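Please open the structure in your viewer and keep the selection tool at hand. The tour below proposes one selection after another and states what is found at each.

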Amino acid sequence: EHVRAIGIAHLNRMVEAGEPFTLLDVRTRSDYDREHIKGARSLPLDEIEGKARTTLKPDEDLIVYCDSFVCSASTSASKMLSRMGFKNVRDYKGGLREWKQAGLPTESNYR
């Protein structure tokens with residue numbers, strides 16, 4: 001399957017413009033709790049099959065990310081969501097690491 005990618009500049013423009021989309025963090029729940037991109041929702045890779053259909057709408061704009069370019073979880077998640085019938089899925093391959101290095105906002109569930 002072809003996975004559509006989205007770069008940091010495009011994603012940040014969407015955030016700043018307040019465009020409607022759902023940002024999914026597919027890392028483990030503990031990684032998500034420690035730190036995630038501001039506004040992201042946690043949907044660990046191993047929970048997608050069981051939870052995606054009940055928590056997401058099929059026509060929702062979904063952007064998926066994991067840790068960094070070397071992490072393949074976001075690509076796997078994108079393919080899985082596409083196979084499940086989600087039409088607007090994009091993979092943000094830079095992930096949390098690139099986002100943080102650019103000085104963009106993150107949040108933690110521990111503050």
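Is V3 buried or exposed? V3 counts as buried, with a relative accessibility of 18%; here buried means under 20% relative accessible area, exposed over 50%, and partly exposed in between, using a 1.4 Å probe and protein chains only. Before going further, please note that this is a predicted model, in which local features need pLDDT of at least 70, side-chain atom pairs count only at pLDDT 80 or more, and totals for chains, interfaces and linings use all residues. Residues are numbered from 1 along each chain as its sequence is written, and side-chain values use heavy atoms, with hydrogens and water left out.

**First selection: V3**

Select V3, which is placed in the segment before β1 (4-5). Helices (H or I, at least four residues) and strands (E, at least two) are DSSP runs, numbered from the N terminus. Now add V89 to the selection: the two residues are 86 residues apart along the chain, and their C-alpha atoms are separated by 7.7 Å. Leaving aside neighbours within four places in sequence, V3 is in contact (heavy atoms within 4.5 Å) with T75, S78, K79 and D91.

**Next selection: helix α4**

Select residues 73-83, which form helix α4. Which residues of α4 are buried? They are A73, S74, T75, A77, S78, M80 and L81. The elements that cover these buried residues include β2 (22-25), α3, β5 (61-65) and β6 (88-92). As a general point, an α-helix has 3.6 residues a turn, so residues three or four places apart point the same way.

Within α4, highlight S74, which counts as buried at 1% relative accessibility. Not counting residues up to four places away in sequence, S74 touches V26, V64, Y65, C66, D91 and Y92. Then move just past the end of α4 to G85, which takes a positive phi of about 105°.

**Next selection: helices α3 and α4 together**

Keep α4 and add α3, residues 48-55. At what angle do the axes of α3 and α4 cross? They cross at roughly 55° and come within 11 Å; axes are lines fitted to C-alpha atoms, for helices over the stretch in contact, and angles run from 0 to 180 degrees between N-to-C directions. The two helices are therefore oblique to each other, given that angles under 35 degrees count as roughly parallel, over 145 as roughly antiparallel, 65 to 115 as roughly perpendicular and the rest as oblique. Residues I48, E49 and A52 of α3 make the contact with A77, M80 and L81 of α4. By class, this contact of α3 with α4 has five nonpolar residues, no polar ones and one charged residue. In this classification, Ala, Val, Leu, Ile, Met, Phe, Trp, Tyr, Cys and Pro count as nonpolar, Asp, Glu, Lys and Arg as charged, and the others, Gly among them, as polar.

**Next selection: the disulfide**

Select C66 and C71. How many disulfides does the structure hold? It holds one, where a disulfide is a pair of cysteine sulfur atoms within 2.5 Å. This bond joins C66 to C71, with an S to S distance of 2.3 Å. The torsion about the S-S bond of C66 and C71 is about -135°, so the disulfide is left-handed. C66 is buried, at a relative accessible area of 1%, whereas C71 is partly exposed, at 22%.

**Next selection: F69**

Select F69, in the loop between β5 and α4. F69 is exposed, with a relative accessible area of 58%. Leaving aside neighbours within four places in sequence, F69 is in contact with K93, G94 and E98. F69 and E98 are 29 residues apart in sequence and 8.3 Å apart in space, C-alpha to C-alpha.

**Last selection: L23**

Finally, select L23 in strand β2. L23 counts as buried at 5% relative accessibility. Its contacts, apart from neighbours within four places in sequence, are L11, I37, A40, R41, I63 and Y65.
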